[in-house]
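Trainee: I would like to go through this structure with you. Can we take the labels in turn and test each against its definition?

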Number of protein chains: 2
Amino acid sequence: MAIQKPSLSKGTRDFSPTELAKRNYIIDKIRTEFVKFGFQPIETPSFENYETLMGKYGEEGDRLIFKILNSGNFAEKVNSTDWETKNVGKLTPQICEKALRYDLTVPFARYVVQHQNDITFPFKRFQIQPVWRADRPQKGRFREFYQCDADVVGSNSLWQEVEFVQLYDSVFTSLNLIGVTIKINNRKILSGFAEVIGESEKLIDFTVALDKLDKIGKEGVVKEMLSKGISNQAIEKINPIFSLGGSFSEKIHLLKEILKDSETGRKGIEELEFIEKAITQLSLQTAILDLDVTLARGLNYYTGAIFEVAAPEGIAMGSIGGGGRYDDLTSIFGLKGISGVGISFGLDRICLVMEELNLFPQEIGDTLDVLCINFGEKEALQSLKLIQKLRSLGKKTELYPESAKMKKQMAYADKRNIPFVVLIGESECEKESFVLKNMQTGEQKEYLINEVANEIFK
Amino acid sequence: MAIQKPSLSKGTRDFSPTELAKRNYIIDKIRTEFVKFGFQPIETPSFENYETLMGKYGEEGDRLIFKILNSGNFAEKVNSTDWETKNVGKLTPQICEKALRYDLTVPFARYVVQHQNDITFPFKRFQIQPVWRADRPQKGRFREFYQCDADVVGSNSLWQEVEFVQLYDSVFTSLNLIGVTIKINNRKILSGFAEVIGESEKLIDFTVALDKLDKIGKEGVVKEMLSKGISNQAIEKINPIFSLGGSFSEKIHLLKEILKDSETGRKGIEELEFIEKAITQLSLQTAILDLDVTLARGLNYYTGAIFEVAAPEGIAMGSIGGGGRYDDLTSIFGLKGISGVGISFGLDRICLVMEELNLFPQEIGDTLDVLCINFGEKEALQSLKLIQKLRSLGKKTELYPESAKMKKQMAYADKRNIPFVVLIGESECEKESFVLKNMQTGEQKEYLINEVANEIFK
């Protein structure tokens, strides 16, 4: 076998113990809040049948789904014309019957439909698993990344939206990530805009353009709308939304004026008001709720509320969470009339924000409390007796495996940033004692093995 | 879009909240012990470069690795003869540059080599992630399953083997899985056998046959050895090992006699004795350490100790764990002289054994402590104020989303097995109080919202 210089596949990452500790710190906080809010965990397989995933994410999505080659003689039964003409589009489903999941939402819809008779509705589930996309890798964009999703299906109640705002607030508060903005919008508001300007059939073009307001400014948005055939006159009618400012209720006030002739628009306002009033009465811990009428997030998906979370002011980072209500998710698998609403947390970006704000606990990378120095066979055996006691006290403890030079063993303790070192030499063996060295202060103290207790680690 | 009846891809599973709770219960116990023993977590990507994985698991392994089809026009640059002749063996590496990991060991070796300058050796890592194999699915065999591995690289010390025996004992004790047998053997013992019968070059055939002793009996083993060209006379020389019984030290005693002329064999005995003596002095909590000279576990891999864990007597189940020492793992990626030793836990089988012995805590599937009944908008808002307090006490709490009929809401509480229900109607709203109903006893009691505390949930 030729020796290979190993490397990672493009767009994937190894996580070292310290990096993983940080990620798991965030995941644990998210999971804890999910559970407190009554969400139940599920897991679905990494790959699904090809046809379960294809056609659910648009043409671009289909392209970005990783397909798994059939095992064995994959070419045996393919259509010979497709093979001869190298028609890869037609060949792919013939040589791949499986594909890696692209998100957690479609597999969740499949789960709900498949297990509908065992599920008690409303069903509140959370799911924290990796997903895969054949994107061109670039800074901050990976081919494998975790999604952390919480969804409720089987309830139309707006209390769900209220609870999701509270859930975002609780998670970011527990992470000590203070001052995030939870932006909210409603698909019905966007439909209302399109309606009042008489361009309902151009709803998608309209909102795709509007969604870019913070990136390309009013001028850019107007230019794009014009290029899509939306008239100057029509755009003029909704001119005030380009500079919609003030408080949540001031914005609502203006929207009522703009959308007064759209029933759909008025319904959207009513829903937003319900959520805003409840949140005002319940009050958020550290997050800010704001109305952003430009928010669309792949509009076709959402039918009611749309959420997006922005990092605290001053941190340049895209959204760190998003979600919304979708009224017909499970119908793609034949189950109609099940409304759903859900939110997602962007683990990688939250991690970057926490790094930047220095919010991880100091000791997060510390993986060992005590190292026992190895002075030889007899002493090592005695050390292992103490180690058993230390581990039963919950102390992360290990024996240095070789009776190497003291200097080497202490260097290992330093490199791993171990706070305490235990020394059991010949005389300690006889006395059934050990010397505990505090690596920070240099202080050494002797104890009997039978005296060992949590209190001595101070 | 045509409506599809959804199904899982063959050999994969959904995990419901209860199933997942059981799996996570086991994983948490394993992880807790890994951490106490000083192991550090890492994670590697789900897919690796094709050539990182291929050729590492033998021909059969190569076949079972899932390959990922290249994105875009995968057929564009393939060799035209290979395409025309449908030479799938040659085409696969041309159309697939990535593959799903087959185990955690080869990715770990890749990790060690790639990050060798950042790692402090000896490096104790653990890794709990899914792996994928294109096996024909059957009862208890899946195409996606978790591996839970702990390994140390960079130390030849036999104390590592001692610690792994203790680690197995600690994990199974903490799972309350009492009476597992940790079987141990040593590659050098097996080499010794082959040497003393003069068949060193038939070591693999010899041990593959011997490994089957508990399945096909002595007669079957002898038949297989004869068919591989090992003579009757040779087999006769090691006849005693077919019925090797008694205590660990009695077996050692007999082995010393059989292997007295093999230096390798004597070295193997010495290693086994070291481990057995240390374990005897330290004593195990609930597991039994036993010597099994037939144990081989894919011999080519291991160079020293070989471990396998059997479920408690009376439980018909293959091994629930295994591992051993391998002296040259990282050399496949160009880093020589790094000895490693590791063990693995079989999550699926441990789960089945725990089910059979009824070892999961009763409350493992309970996902909600308190449900607040929804009597309408005003009452729901008041309930959410109480819910905030309950969640901050750590109680898993939710509001029933609709003000549905009482009967429907109580049925939901029953189905989800929720122990407490909170009722806030009009009069409780006025008094700022709530009624707490114990669903098991039927008892109801009224409290002020400000009085809420953990003690009232009894």
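Trainee: What makes the two copies related as by a two-fold rotation axis?
Mentor: Chain B can be laid on chain A by a turn of 180 degrees, with a shift of 0.0 Å along the axis and an RMSD of 0.0 Å. The fit is by least squares on the C-alpha atoms of residues with pLDDT of at least 70 in both copies. The two copies are thus related as by a two-fold rotation axis. In chain B, the C-alpha nearest that axis belongs to B:Ile68, 2.2 Å from it.

Mentor: A word on the basis. This is a predicted model: local features need pLDDT of at least 70, side-chain atom pairs count only at pLDDT 80 or more, and totals for chains, interfaces and linings use all residues. Residues are numbered from 1 along each chain as its sequence is written, chains are lettered from A and ligands numbered from 1 in the order in which they are written, and side-chain values use heavy atoms, with hydrogens and water left out.

Trainee: How do you know that the same surface serves both copies?
Mentor: Contact means heavy atoms within 4.5 Å. Of the contact residues of chain B, 100% recur in chain A.

Trainee: Why does the length of helix H13 of chain A agree with expectation?
Mentor: Helices are DSSP runs of H or I, at least four residues, and strands are runs of E, at least two, numbered from the N terminus. The expected span is 1.5 Å times one less than the number of residues. For the 20 residues 263–282 that gives 28 Å, and the end C-alpha atoms are 29 Å apart, which agrees.

Trainee: Which residue follows H13(A)?
Mentor: A:Ser283, with a positive phi near 60 degrees.
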